[in-house]
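Work through the two exercises below with the model in view, and compare each step with the solution given.

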Amino acid sequence: MTKRMILNELAYFGKGAIREIVPFVASHNVHKALVVSDEVLVSLGVTKKVLDVLDGAGLSYEIFSKIKPNPTIQNVQDGVEAYKKADADYIIAVGGGSSMDTAKAIGIIINNPEFADIRSLEGEFRSKNRAVPLIAITTTAGTASEVTINYVITDEENKRKFVCVDANDLPLVAIVDPDMLASMPKSIAASTGLDALTHAIEGYITKNAWALPDALHLKAIEMIAQNLESAVAGNEEALENMGIAQYVAGMGFTNVGLGIVHSMAHTLGAFYDLPHGVANALLLPYVMEYNASATGEKYRDIAVAMGVKEAVDMTQEGYRIAAVNAVRSLSVNLDIPQKLHEVGVKQDDLQDLAESAYIDGNTAGNPKETSVDEIRSIFETAL
Ligand SMILES: NC(=O)c1ccc[n+]([C@@H]2O[C@H](COP(=O)([O-])OP(=O)(O)OC[C@H]3O[C@@H](n4cnc5c(N)ncnc54)[C@H](O)[C@@H]3O)[C@@H](O)[C@H]2O)c1
Ligand SMILES: [Fe+2]
């Protein structure tokens with residue numbers, strides 16, 4: 001079967017990388033940006049770091065910031081109107097996955113107006129035309145939305161988050177600048193870092209895995225294991241490494257897909273507005289236990305990448321337990337809740353949650369064939 005790799009045309013990393021916007025604009029015949037960010041980032045002055053670069057170079061822009069975490073259909077529709085009103089011809093996204101995903105959807109709809117309802121974009125490769133040029137600057141480490149061809153939108157009316165996978169939305173330029181990550185509160189640095197770990201682990205064990213993304217996923221797991229706790233504690237170098245690690249995971253999973261941790265996390269986001277990173281972080285060890293029997297020797301590699309060097313000589317049962325334990329203890333050390341009832345999940349919702357997770361776009365990539373009943377029983381265990 002043909003394998004695919006698709007990545008940004010350009011990506012910049014390191015302190016001060018946001019200044020690369022200026023030469024990009026000079027060489028791309030674009031004139032006015034819609035800066036897509038969220039209210040919190042605007043109020044904290046994070047967005048302003050980018051606006052200062054634009055002002056310094058005399059570049060024109062308008063800001064759109066009506067975006068909530070787990071962004072909604074309405075957020076996207078408002079953004080499309082803002083883009084038209086601003087008479088913009090490119091987008092600069094400044095934010096976490098919520099801002100970057102909203103920016104992708106806006107850019108797709110501007111050049112593919114037949115999808116203005118947004119819901120019809122769900123699924124794979126739906127649009128015909130490339131989105132408007134997008135520079136994606138991440139402020140979390142993170143979703144890696146700056147290098148993925150995915151965006152996830154919440155349909156509040158139907159209590160669903162739906163995934164759109166479309167090469168036409170890939171940001172032309174990705175920027176991972178540690179100065180943009182530095183203001184993350186500890187809880188957000190921890191949960192978004194564990195989202196990145198979930199991408200790397202699900203991407204490594206997915207049915208579609210193959211050698212090239214495997215190498216990226218293992219490197220990402222190793223870097224996250226080595227840097228996440230120090231990054232959350234405020235170490236600058238570790239935070240810069242987390243920015244790179246989450247991007248490396250993104251380079252992998254955008255090309256092979258994920259599994260049911262993400263299916264289940266999406267339904268928790270839609271039902272309870274639970275932050276995406278927290279949902280993944282909580283579910284990951286439970287789903288790893290469930291999937292273990294379908295992963296051959298892969299948990300040995302995961303355990304070693306997590307820093308359990310002795311796993312090389314362990315039995316299959318031993319290294320599988322070691323991999324799950326390493327992930328669980330990282331999550332405990334980072335103060336992630338370990339049970340779903342702690343984050344408001346209700347027993348009465350479990351059947352609906354399981355049905356909704358089962359039809360999520362990520363379920364097909366799960367290494368183990370699953371069912372509504374089995375997903376429900378994972379939810380039960382985690383409750
Ligand atoms: N496109 C993809 O491939 C992909 C992958 C995973 C998740 N997602 C989606 O991304 C969304 C989650 O994104 P996220 O986890 O990056 O969080 P987010 O964008 O929802 O941000 C969470 C909160 O953190 C704040 N924040 C972000 N950066 C900050 C900073 N530097 N300083 C202070 N506060 C900051 C935001 O203002 C917001 O209040 C979900 O909707 C999820 O489904 C997309
Ligand atoms: Fe994710």
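**Exercise 1: the sheet**

In this predicted model, 6 strands (DSSP runs of E, at least two residues, numbered from the N terminus) form an open sheet in the order β1-β9-β6-β4-β2-β3, with parallel pairing; two strands pair if DSSP finds at least two bridges between them. Side-chain values rest on heavy atoms, without hydrogens and water, and residues are numbered from 1 along each chain.

Task: determine which strands stand at the edges, and which helix packs on the sheet.

Solution. β1 (10-13) and β3 (60-64) each have a single partner strand, so one side of each is left without a neighbour in the sheet. From one strand to the next the twist averages 15 degrees. β1 runs parallel to β9 (residues 173-176) and is joined to β9 by 4 bridges, in which Leu10 has Val173 as its bridge partner. Helix α9 (residues 236-256; helices are DSSP runs of H or I, at least four residues) touches β1, β6 (134-138) and β9, with heavy atoms within 4.5 Å, and its direction makes about 145 degrees with that of β9 (axes are lines fitted to C-alpha atoms, for helices over the stretch in contact, with angles from 0 to 180 degrees between N-to-C directions).

**Exercise 2: the iron site**

Task: identify which residues coordinate the iron ion (ligand 2).

Solution. Asp195 (OD), His199 (NE2), His262 (NE2) and His276 (NE2) coordinate the iron ion (ligand 2) at 2.1 to 2.2 Å; donors are N, O and S atoms within 2.8 Å of the metal (3.2 Å for Na, K and Ca), and water is not among the atoms, so sites may look incomplete. The donor residues are spaced D-x3-H-x62-H-x13-H in sequence. Asp195 and His199 are separated by about one helical turn, because they lie 4 residues apart in helix α7 (residues 186-205).

How values were computed:
Chains are lettered from A and ligands numbered from 1 in the order in which they are written. This is a predicted model: local features need pLDDT of at least 70, side-chain atom pairs count only at pLDDT 80 or more; totals for chains, interfaces and linings use all residues.
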